[in-house]
Amino acid sequence: MSSNDLDRSLVLDAVRVTEAAAIAAWREVGRGDEKAADQAAVDAMRNALNTLDIDGEIVIGEGERDEAPMLYIGEKVGKGKGQAIDIALDPLEGTTLTAKAMANALAVMAWAPKGTLLNAPDTYMDKIACGPGFPEGIIDLDASPADNAAALAKAKGVKPEDITVCVLDRPRHAEIIASLRSIGARVHLITDGDVAGVMNTAEPETGIDMYIGQGGAPEGVLACAALKCVGGQFQGRLVFRNADEKARATRLGVTDFDKKYTLHEIVRADAIFAATGVTKGALLDGVRYDAGYVYTHSLVLNSSSRTIREVRMKRAL
């Protein structure tokens, strides 16, 4: 096994970690406390990671060491033996969704060989993504949303009116939404959860053709890991609001603040991606308790084998 190969035994380990986080977060569904839900998922994910025979380092986490009590960027997890891996994670993708018992909350994590995931700071990122099967370069972050939707429609052999684009429902995206609607494209607005939004572009049954907008850079890395496994295209550019964010990026090794990253620049080797549903969504069912059992629904993806495993777990309480 080369340094850029992941041990396939890690696949099931990954899904066990996201299952633990999802179950812990589910206990806070609908209770209105985002912080409690996030903390429950963080604690469960950290505890699960530390039972594994891995030498893991978090490169996408809950913030930098001085800002987050655990699962911070640079934190070591695992037993310190076994394969050295980079870890990107979001113990609860959709804290607001969980607190309000809304759809599409996930526990997500990605693993890749050490030194192969973009060590992105906790800033914003402009993003555009589409699923597999299109010519390389069909989407471009520097083109207008309307032009991107039109290019995708032409490649699919359909009218722009038949293209559906997922966009986070934020005031900052008003111009994007107007551009898309100017050519008749459908806009599917989501309140949260842009990892799931990007992943939906690779799943035909969701009806989503493209994702576009500005969201968290850490979520961008996680979404790229998923697309690396199933195919698709992604471009991202970091967005800095102040000098402090640029300084943090510099500490993490970012030197070109205007760089447009492709999927394979963000995830530079084969990766494993795992996601477990917390609340029911387009991709996954949520956690469910019934008659003394807990049920979970997960996806675990492996780019080296191009496999997608759907995992349903039933465990006695």
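Leu252 is in contact with Ile73, Asn119, Ala120 and Pro121, leaving aside its neighbours within four places in sequence. The model is predicted. Leu252 sits in the loop between helix H8 (243-251) and strand S10 (261-262). One of its partners is far off along the chain: Leu252 and Ala120 are 132 residues apart in sequence. In space, their C-alpha atoms are 7.2 Å apart.

Thr255 belongs to that loop too, between H8 and S10. Is Thr255 buried or exposed? Thr255 counts as exposed, because its relative accessibility is 75% and the cut-off for exposed is over 50%. Asp13 lies 242 residues from Thr255 along the chain. The C-alpha atoms of Thr255 and Asp13 are separated by 34 Å.

**Helix H2**

H2 covers residues 34-49, 16 residues in total. From its first C-alpha to its last it reaches 23 Å. That is close to the 22 Å expected at 1.5 Å a residue. At the start of the helix, Asp33 brings a side-chain oxygen to within 3.3 Å of the backbone nitrogen of Lys35.

Which residues of H2 are buried? They are Ala37, Asp38, Ala41, Val42, Ala44, Met45, Ala48 and Leu49. An α-helix has 3.6 residues a turn, so residues three or four places apart point the same way. The cover over the buried residues of H2 comes from several parts of the chain. It includes helix H1 (10-26) and helix H3 (95-99). Strand S2 (76-77), strand S3 (84-93) and strand S4 (106-113) are also part of that cover.

**Pockets**

The largest pocket holds about 600 Å³ of space. It is lined by 26 residues. Closest to its centre are Asp90, Glu93, Asp122, Gly216 and Glu219. Which element gives the largest share of this lining? S3 does, with 4 residues. H2, S3, H3, strand S8 (210-216) and helix H7 (217-230) each supply at least two residues. By class, the lining has 12 charged, 8 polar and 6 nonpolar residues.

The second largest pocket has a volume of about 180 Å³. Its lining has 13 residues, and those closest to its centre are Asp126, Leu141, Ile176, Ile212 and Gly213. Strand S5 (124-130) and S8 are the elements that give two or more residues here. The lining divides into 6 nonpolar, 3 polar and 4 charged residues.

S8 supplies at least two residues of the lining of the largest pocket, and two or more of the lining of the second largest. Gln214 is part of strand S8. Why does Gln214 count as buried? Its relative accessible area is 18%, and buried means under 20%. Beyond residues up to four places away in sequence, Gln214 touches Tyr124, Met125, Asp126, Leu168, Arg172, His173 and Val239. Asp126 is also among the residues closest to the centre of the second largest pocket.

**Cavities**

How many cavities of 30 Å³ or more are there? The count comes to 2. The largest has about 60 Å³ of space. Its lining consists of Met199, Ala202, Glu203, Ala226, Val230, Leu283, Leu299, Leu301 and Ile308. H7 and strand S13 (293-302) give two or more residues each. By class, 8 lining residues are nonpolar, none is polar and 1 is charged.

The second largest cavity has a volume of about 30 Å³. Asn104, Leu106, Ala196, Gly281, Ala282, Leu283 and Leu284 line it. These residues divide into 5 nonpolar, 2 polar and no charged. Leu283 appears in the lining of the largest cavity and in that of the second largest.

**Positive phi in two loops**

Most residues other than glycine have a negative phi. Two loop residues have positive values, listed here.

| Residue | Phi | Loop | Relative accessibility |
|---|---|---|---|
| Ala291 | near 50 degrees | between strand S12 (288-290) and S13 | 68% |
| Arg306 | near 55 degrees | between S13 and strand S14 (307-316) | 53% |

Ala291 counts as exposed, because 68% is over 50%. Arg306, at 53%, counts as exposed as well. The loop of Ala291 lies between S12 and S13, and the loop of Arg306 lies between S13 and S14. S13 also gives two or more residues to the lining of the largest cavity.

Conventions. Residues are numbered from 1 along each chain as its sequence is written. This is a predicted model: local features need pLDDT of at least 70, side-chain atom pairs count only at pLDDT 80 or more; totals for chains, interfaces and linings use all residues. Side-chain values use heavy atoms; hydrogens and water are left out. The expected span of a helix is 1.5 Å times one less than its number of residues. Buried means under 20% relative accessible area, exposed over 50%, partly exposed in between (1.4 Å probe, protein chains only). Contact means heavy atoms within 4.5 Å. A polar contact is a pair of N or O atoms within 3.5 Å; within protein, one must be able to donate a hydrogen and the other to accept it, and residues adjacent in sequence count only if both atoms are side-chain atoms. On a 1 Å grid over the protein atoms alone, a cavity is a set of points where a 1.4 Å probe fits but cannot get out, and a pocket is an open set with protein on both sides within 12 Å along at least five of seven lines; lining residues have an atom within 4 Å of a point. Grid points are joined across faces, edges and corners, and a volume is the space filled by probe spheres set on the points. Ala, Val, Leu, Ile, Met, Phe, Trp, Tyr, Cys and Pro count as nonpolar, Asp, Glu, Lys and Arg as charged, and the others, Gly among them, as polar.
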